[in-house]
Amino acid sequence: MSKPTPEVYERGRGMDAHNQVMRDIRAENDQSYDPHEPTRVWIDEDNTPDGVYQSLTIILNTGGCRWARAGGCTMCGYVAESVEGGSVSHDALMDQIRSALDHEAAEADGESGLVKIYTSGSFLDEREVGAETRQAIAETFGDRDRIVIESLPDFVDAEKVTEFTEQGLETDVAVGLETATDRVRHDCVNKYFDFADFEAACAEALAGGGGVKAYLLMKPPFLSESEALEDMNSSVRRCAAVEGCHTVSMNPCNVQRYTMVDELFFEGGYRPPWLWSVAEVLESTTDADAIVVSDPVGHGSDRGAHNCGECDDRVQRAIKDFDLRQDPSVFEQVECDCERTWELVLSEEASYNMPLSR
Ligand code: SF4
Ligand SMILES: [Zn+2]
C-alpha cells in the first residue's frame, strides 16, 4: 500500500496553488516584445537624500523575473511584458540603453542627475543581466550623480553594489519588499522571502557604499481597507528603522492584466485602495526616519487607487506635492464628502464583505 507523503497534502495549497493559478492566467497572454527596445522609458522628478533630481527611468526588458515564470506575485503583470523564453543578450540590452538615452536627449531638459533602472525582475541577478552588461551600464552612467537599480534581496551583494559606487555614483538598490509583515507578503502577495532577507540586503548595500529604497505595496488582495492601512503604517516604520534604508516608496496596488488581482477584480472581489488611505499613511508616518513617497499609478480610475471621482486629481496632486516637500500640511488643503464613505469603509469592511464600496 502506498504511503501518503507530506507533499501530497501540500499540493494544490498555499504557494503551490498560488503559482498554479498564476501560470494559467499568464498563459493567456500571447503578445511578444522586441528585445532591442526597453519596455518603457520616462522622465520625471524624484526626491532623494541629496534633494530633488530630474530622473530618467528605464524599464529594461531582460526576459523577466525568474519568480514570475514559476508563478509569481498576485498583482504583477510585468512578466506578461517580457521576452518569451528567457534571457536577452548583452548587445540587445545595450541597444535598450542607447534607445533610452535617445529618448532622454529628445525629451529631457539636459542629462538627468538620477537614473533609475528597473527590470521587472532583478538587475543584480546574473541570469537577467550578466556581469559584462552590468559593468558597461555602470560606466555609461558614471557621469551622473545617482543611480537606482532594482533587485530582489537574494541578489544584493556588496561587490556588485561597489561596481556602481566606484564610479562615484550614489547608489540605491530598489527592493520590492511590498510589506514588512511576512504573513501578508507570503499569503497575499505570494513573495517568497522574509523581512530578515530585506534586512540582510540593506546590510550588503551599505557595505558596498550604497543604500536601499524599499518599495511597499498598499492593499494586496485579501486585505480589507483598514488592514491594508495598518499594514502600511507599521511597514513604513519598520523599514525606516533598518540601517541603510533611507527611502520608502509606498505604492497602492493597481489592477494589471493577466494577474490574480485582475481575476478577483473582474469578479467584483477586489477594489484598489482609496487615495485617502495613501494620504493617511504619508501623513501619519512623517516622524519615521526616511523619505516616504508614493506614486499612485492609474489614480482616479477603477483599476488604480481612487476616491469618489470628484476629488481624485486634487488628492493625487497633494500626494505628488508631499513626495517632493515631505510636508504633511499639503493634505489639510484637500477635502471632500467622500471622506465619510472612506471612514465607514475603514470601520465596517471585513474580509467577508469586501469590497464594501466601489
Ligand atoms: S513583483 Fe517582482 S518578484 Fe513578483 S513576479 Fe513581479 S517582477 Fe517578479
Ligand atoms: Zn471625493
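Which residues in H6 are buried? In this predicted model, select helix H6 (158–165) and colour by accessibility: Ala 158, Lys 160, Val 161, Glu 163, Phe 164 and Thr 165 are the buried ones. The helix is mostly covered, since six of its eight residues are buried. If the selection is widened to what surrounds the helix, the partners against which these buried residues pack come into view, namely helix H5 (131–140), strand S4, strand S5 (170–178) and helix H8 (195–207).

From H6, step back along the chain to Ser 151, which sits in the loop between strand S4 (146–150) and helix H6. With a relative accessible area of 2%, Ser 151 is buried. Setting aside residues up to four places away in sequence, Ser 151 touches Gly 121, Ser 122, Phe 123 and Leu 124, and also Val 156, Val 173, Ala 174, Val 175 and Gly 176.

One of those contacts, Gly 121, leads on to ligand 1, because showing the residues around that ligand brings up Gly 121 again, together with Ser 120, Leu 152 and Lys 191. The rest of the surroundings of ligand 1 are Cys 65, Trp 67, Ala 68, Gly 72, Cys 73, Met 75 and Cys 76. Coloured by class, this shell has seven nonpolar, three polar and one charged residues.

Next, select Ile 117, which, with Phe 198, touches the most other members of the largest nonpolar core, a set of 73 residues. The element that gives the most to this core is helix H11 (residues 275–284), with six residues. Apart from this core lies another, of 13 residues, among them Trp 67, Leu 217, Cys 253 and Val 255; Trp 67 has already appeared in the surroundings of ligand 1. Returning to Ile 117 and leaving aside its neighbours within four places in sequence, one finds contacts with Ile 58, Leu 60, Phe 123, Ile 137, Phe 141, Ile 147, Val 148, Ile 149 and Glu 150.

Ile 58, in this list of contacts, is a convenient link to Arg 40, a residue of strand S1 (residues 40–48). Drawing a distance between the C-alpha atoms of Arg 40 and Ile 58 gives 6.1 Å, although the two are 18 residues apart in sequence. Arg 40 itself counts as partly exposed, at 36% relative accessibility.

Now move to the zinc ion (ligand 2), and select its protein donors, which are the SG atoms of Cys 308, Cys 311, Cys 336 and Cys 338, lying 2.3 Å from the ion. The angles subtended by these four donor atoms run from 103 to 114°, which makes the arrangement tetrahedral. Along the sequence the donor residues follow the spacing C-x2-C-x24-C-x1-C. Cys 308 lies in the loop between strand S8 (291–293) and helix H12 (312–325), while Cys 338 is in helix H13 (residues 338–348), so the pair ties together parts that are 30 residues apart in sequence. The two also fall into separate accessibility classes: Cys 308 counts as partly exposed at 39%, whereas Cys 338, at 6%, counts as buried.

Finish in helix H12, where Asp 323 is found. At 8% relative accessibility Asp 323 counts as buried. Beyond its neighbours within four places in sequence, Asp 323 is in contact with Asn 47, Val 293 and Ser 294. For a last distance, pick the C-alpha atoms of Asp 323 and Ala 290, which are 12 Å apart in space and 33 residues apart in sequence.

Note on methods: Residues numbered from 1 in each chain as written. Chains lettered and ligands numbered in written order. Predicted model: local features only at pLDDT ≥ 70, side-chain atom pairs only at ≥ 80, totals over all residues. Heavy atoms only, no water. Near = heavy atom within 4 Å. Nonpolar A, V, L, I, M, F, W, Y, C, P; charged D, E, K, R; others polar. Donors = N, O, S within 2.8 Å, 3.2 Å for Na, K, Ca; no water. Tetrahedral: all angles 85-135°; square planar, octahedral: opposite > 155°, others 65-115°. Helix = DSSP H or I, 4+ residues; strand = E, 2+ residues; numbered from the N terminus. Buried < 20%, exposed > 50% of the residue type's maximum accessible area, 1.4 Å probe, protein only. Contact = heavy atoms within 4.5 Å. Core = buried A, V, L, I, M, F, W, Y, C linked by side-chain atoms within 4.5 Å.
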